[in-house]
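Let's read a structure together, one feature at a time. Bring your questions as we go.

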Amino acid sequence: LHMGKTMREDLTVVLKYIKPLYPPEFNVFSTYAELYHNYFASQAKKNAESRLEDKDIYLLLSWVHNIYPKDMRKDHFLAAELDKVKLGSLLPSSLSKELEEKYLDSEEATIKNSLSKCLDKEIQRWKEDKEPEKLNGHFQSELLAIFVIQSIYSGQERAQDISMAVGEELSHRLSKGLLAFLKSYKDAFEEFKEKSKKHRYYKPILIANINNCWNFRDYTEKNMAEKDDNKAHILSTLGDIENSGFDVLLQQLFAQLKPSYKKFTENKWDSSNEIMNEIIKTTSKHISDFRTLKDPFYHAIIEKIHARLVKEYIVRLLKKKVSLKSPVQQQNLAQHISENAADLEAFCTSNGSQATWLNSALPKLAEIIRLQDLGAIKIEVATLATTYPDIRKKHLEAFLCIKANLSHSERKSILGYLADSTASTLPAAPLFSNINVS
């Protein structure tokens, strides 16, 4: 600091008072600047080759890459003259690289160690079995995410203050570090999930950890470059944590719904409206617990519920338990399915489901049951296959068992039409491919 201040003040005196006393060809300012720079550089090199603490390495690199070239040599009074003098760097390139490596290794290790300790504290909080805090009605355990993100962000900022190149290298290392941290977090979450089911606040802690993922996800999507290989892995790991939490939260609901769905075929759909009301009532009780999820996760879990409710209904239709010869019986069943579908859609939509792609599945199946004209049935099957390209022959074959008045050749003709209409690639959000036909 003293040398930097002295060099700037003395060169200001040289430029103001001494340079005008000499002829231009003497290059007085350049001579002084080179002598000061060479002395400064020799002292910097001497320091760099001694045993330095991590903070000293950071300070020296800041001088070499940032303070000296940007503050001193760009001084408003001296800049124009100094630009004419080819002074170079304070340190040889090889020595500068060596210091940068030491700094990067140290900073990476320090942040990694800090994140590990923070995770240990978080795990300890889970074991205390206390209800997590709420923010805006959502369970949170945000200290972990805030600390981790701030640690990484601060490290990146410090590195960028040295140079853009050092900043980019540390950012790449820390993105790998964040991925490693999140994998450890995922492992710890899985262990808690399996071993702590009897905890009083088991579900609120699960929800708080799912909500945690939002901060990491938001930071990653906004701050990490698409070309960074770690970005996709980080988002995938966060997705694993979120879905793992959702699975546990939904286990009890789906287990309770199974007996209700069995009643559809047991009663041959005669009291299907009452059964659907029962399903909606059971689901509604569970949904109230999910309101403590942050909005994106609440919508995600509601869509999972929506998909499961539709899927389970289709499963019952494919059970080959109902075989109807009369067109009137088929039309009555189609009417029941249409009414159930409308109730299901209204319920899911009113609770925030945005999975509109699910809404046409049951009405289309109802229409196939209702129609009696072979050509019309084929058109409806083609439309169904276009909307849900993961439907396969085995699904349609099981479903057509309901229409017992179809001849073998008619059934074969319809199935052949599906094979021609079905896309070879599966959709991003599959429905039928999740359904096994016995």
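What follows is a tutorial dialogue on domains, an interface, a buried residue and salt bridges.

Q: Before anything else, what kind of model is this, and which domains does the assignment give?
A: This is a predicted model. The domain assignment splits the protein into domain 1 (1–91), domain 2 (101–243) and domain 3 (266–418).

Q: How do I read the interface of domain 2 and domain 3, and what area is buried between them?
A: Start with the distance, then go on to contacts and area. The centres of domain 2 and domain 3, taken over C-alpha atoms, are 41 Å apart. In the contact count, 13 residues of domain 2 meet nine residues of domain 3. About 980 Å² is buried between the two domains, with carbon and sulfur atoms giving 63% of that area.

Q: How many salt bridges and polar contacts run between domain 2 and domain 3?
A: The rule finds zero salt bridges across this interface. For polar contacts, the count is five residue pairs, both residues being at pLDDT 80 or more. On the domain 2 side, the elements giving two or more residues are β2 (138–140), α8 (202–223) and α9 (229–266). Helix α8 has the largest share, with six residues. By type, that side of domain 2 divides into five nonpolar, five polar and three charged residues.

Q: Now a single residue: is Val381 buried or exposed, and what does it touch?
A: Look at accessibility, then at partners far off in sequence. Val381 is found in helix α14 (residues 374–387). Val381 counts as buried because its relative accessibility is 1%, and the cut-off for buried is under 20%. Leaving aside residues up to four places away in sequence, Val381 touches Ile368, Leu396, Ile414 and Leu418. Take Ile414: 33 residues separate it from Val381 in sequence, yet the C-alpha to C-alpha distance is 7.7 Å.

Q: Why can charged side chains pair up, in general?
A: Side chains of opposite charge can pair when their charged atoms come close. In this structure, a search of the whole model finds 22 salt bridges.

Q: Which salt bridge does Glu49 make?
A: The side chain of Glu49 meets that of Lys45 in a salt bridge, at 2.9 Å from N to O. Glu49 is exposed, at 52% relative accessible area, while Lys45 is partly exposed at 34%.

Q: And which residue in helix α8 pairs with Lys222?
A: That's Asp218, with the closest N and O atoms 3.2 Å apart. The two are separated by about one helical turn, because they sit four residues apart in helix α8. Lys222 counts as exposed, at 63% relative accessibility, and Asp218 is partly exposed, at 25%.

Q: Which salt bridges share partners in one network?
A: Here, Glu101, Asp105, Glu108, Glu169 and Arg173 are joined into one network by salt bridges that share partners. One of the pairs to look at is Asp105 with Arg173, whose closest N and O atoms are 2.7 Å apart. That pair links distant parts of the chain: Asp105 lies in helix α5 (residues 93–127) and Arg173 in helix α7 (residues 164–195), 68 residues apart.

Q: Are Asp105 and Arg173 buried or partly exposed?
A: One of each. Asp105 counts as partly exposed, at 41% relative accessibility, whereas Arg173 counts as buried, at 11%.

Definitions and conventions. Residues are numbered from 1 along each chain as its sequence is written. This is a predicted model: local features need pLDDT of at least 70, side-chain atom pairs count only at pLDDT 80 or more; totals for chains, interfaces and linings use all residues. Side-chain values use heavy atoms; hydrogens and water are left out. Domain bounds come from an automatic or database domain assignment. Contact means heavy atoms within 4.5 Å. Buried area is the accessible area (1.4 Å probe) that two parts lose on being put together, summed over both. A salt bridge is a side-chain nitrogen of Lys or Arg within 4 Å of a carboxyl oxygen of Asp or Glu. A polar contact is a pair of N or O atoms within 3.5 Å; within protein, one must be able to donate a hydrogen and the other to accept it, and residues adjacent in sequence count only if both atoms are side-chain atoms. Ala, Val, Leu, Ile, Met, Phe, Trp, Tyr, Cys and Pro count as nonpolar, Asp, Glu, Lys and Arg as charged, and the others, Gly among them, as polar. Buried means under 20% relative accessible area, exposed over 50%, partly exposed in between (1.4 Å probe, protein chains only).
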